[in-house]
Amino acid sequence: MAQSGPGADLIPAAIVVPVVNEASTLPYLLDAIAQQMQRPAELVFVDGGSRDGSAALINDWWRRSGWRGAQCTVLSNPGGLPGGDRNAGVRHAGQPGIAFL
């Protein structure tokens, strides 16, 4: 039987995205994520110390996105390198599948 309701069409996966000062390119990434036919149940952005408002941009996008049943988290990991940021995102993720962008 097919599920219905909020989150019924979500893939049980978390997408982990390390971010450092990406405010100029994040709108393109966020638009591409939003246009996917099958969406993940969780997005985990790990901010490695941005000073350009990247975290605020992600949070604003999420509030406006209208995604139902999914979760979006922005973790702070100042000074983190991409590999360490990915590891932090995986530790935080609550889905059985993990993908990286």
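1. On one side of helix α2, R63 and R64 are exposed, where exposed means over 50% relative accessible area, buried means under 20%, and partly exposed lies in between (1.4 Å probe, protein chains only). On the other side, S54, I58, W61 and W62 of α2 are buried. These four cover an arc of only 100 degrees around the axis, which puts them on the same side of α2; the arc is that of the directions from the helix axis to the C-beta atoms.

2. A note on the basis of these values: this is a predicted model, in which local features need pLDDT of at least 70 and side-chain atom pairs count only at pLDDT 80 or more, while totals for chains, interfaces and linings use all residues. Residues are numbered from 1 along each chain as its sequence is written, and side-chain values use heavy atoms, with hydrogens and water left out.

3. The chain has three helices and four strands, and from the N terminus on its elements run β-α-β-α-β-α-β. Helices (H or I, at least four residues) and strands (E, at least two) are DSSP runs, numbered from the N terminus.

4. Helix α2 covers residues 54–65, and because each of its 12 residues should add 1.5 Å, its expected span is 16 Å, in agreement with the 16 Å between its end C-alpha atoms; the expected span is 1.5 Å times one less than the number of residues. Just after α2, G66 takes a positive phi of about 80 degrees.

5. The buried residues of α2 pack against β1, α1, β2 (39–47) and β3 (71–76). One of these buried residues, W62, touches L43, W67, A70, Q71 and C72, not counting residues up to four places away in sequence, where contact means heavy atoms within 4.5 Å.

6. In the largest nonpolar core, which has 16 residues, L43, F45 and W62 touch the most other members. β1, α1, β2 and α2 each supply at least two residues of this core, and β1 gives the most, with four residues. A second, separate core of five residues includes V16, V44, V46 and A88. Such a core is a set of buried Ala, Val, Leu, Ile, Met, Phe, Trp, Tyr and Cys residues joined through side-chain atoms within 4.5 Å.

7. T73 lies in strand β3 and counts as buried, because its relative accessibility is 14%. Leaving aside neighbours within four places in sequence, T73 is in contact with L43, V44, F45 and H92.

8. N21 deserves a separate look, since most residues other than glycine have a negative phi. N21 has a positive phi of about 50 degrees although it is not a glycine, and it lies in the loop between β1 (10–19) and α1 (26–34). At 39% relative accessibility, N21 counts as partly exposed.

9. For the chain as a whole, 38% of the 101 residues count as buried, and residues 24 or more positions apart account for 82% of the contacts with a separation of 6 or more. A compact globule of 101 residues would have a radius of gyration near 13 Å, and the chain, with 13 Å, agrees; this radius is taken over C-alpha atoms, and the globule rule is 2.2 Å times the number of residues to the power 0.38. The C-alpha atoms fill a box of roughly 45 × 25 × 15 Å, taken along the principal axes.
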